[in-house]
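Student: I would like to learn how to read a helix and a loop residue in a model. Can we work through some cases together?

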Amino acid sequence: MSTVGNSTNIFWQESPVGKLERQKLLKQKGCVVWITGLSGSGKSTLACSLSRELYTRGKLSYVLDGDNLRHGLNKDLGFKAEDRTENIRRVGEVAKLFADAGLICIASLISPYRKDRDACRAMLPDANFVEVFMNMPLELCEERDSKDLYKLARAGKIKGFTGIDDTYEPPFNCEIEINQKDGICPTPGAMAGEVVSYLEEKGYLQDQ
């Protein structure tokens, strides 16, 4: 008998087809590319561009977008600190399953708290977690505010908004950091290319 969390009398069921076999079938190595940064920093833009670039190379990926997940899996959660933590925990568990299936899972979420991102990293048993930090200035993110979320937060109509009245904790040791170059943001293609180059270098896009 096993007890995990609040569940009792549960047992782990092994699959007859393992991760290595799935990776050989897909001719790639499963991993999680976790894109973090402020609202408006370009996370979704990078996620979509990266997914398209991988597709053109014959590699299978899936994007877990923070807003999209709050329409379904996490629609019962708000934006209090404990809800944010649970939001990231759930996404981390789903991303882990995608990676185990052999896919390149692209998770695009603000994920403001360092401990929550680190907890997701720790879920991957073989350290296949690639953290991408969209390090863009708050001023730029506010300029891109197509949904007027920053304006609402500045006006006090949205409480606990990351970067305004709630903290964003940047990564200490991310695998990839994307910045402006001489005050100019890299193009979506250039950003995706940087991530793809890293994945190639680490062997994620090679036949297993």
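Student: Which residues are exposed on the other side of H1, away from its buried residues?

Tutor: The model is predicted, so keep that in mind as a matter of source. Exposed is over 50% relative accessible area, buried is under 20%. Leu-20, Lys-24 and Leu-25 are exposed there.

Student: And which residues of helix H1 are buried?

Tutor: Helix H1 spans residues 19–26, and its buried residues are Lys-19, Arg-22 and Gln-23. They cover an arc of only 100° around the axis, so they lie on the same side of H1.

Student: What covers the buried residues of H1?

Tutor: The cover includes helix H4, residues 81–100.

Student: What does the backbone do just after H1?

Tutor: Look at phi. Lys-27 takes a positive value there, about 60°.

Student: Now a loop residue. Where is Ser-111?

Tutor: Find the elements on either side. Ser-111 sits in the loop between strand E5 (104–108) and helix H5 (114–123).

Student: Is Ser-111 buried or exposed?

Tutor: Compare its relative accessible area with the cut-off. Ser-111 has 3%, and buried means under 20%. Ser-111 is therefore buried.

Student: Which residues does Ser-111 touch?

Tutor: Leave out residues up to four places away in sequence. Ser-111 then touches Trp-34, Thr-36, Ile-88, Arg-117 and Tyr-168.

Student: Where does UniProt place the APS kinase domain?

Tutor: The unreviewed UniProt entry places "domain: APS kinase" at residues 29–178. Over that range the chain is 40% helix and 17% strand. The end C-alpha atoms are 23 Å apart.

Key: Residues numbered from 1 in each chain as written. Predicted model: local features only at pLDDT ≥ 70, side-chain atom pairs only at ≥ 80, totals over all residues. Heavy atoms only, no water. Helix = DSSP H or I, 4+ residues; strand = E, 2+ residues; numbered from the N terminus. Buried < 20%, exposed > 50% of the residue type's maximum accessible area, 1.4 Å probe, protein only. Contact = heavy atoms within 4.5 Å. UniProt positions renumbered as here; feature names shortened; annotations may be inferred. Arc of directions from axis to C-beta.
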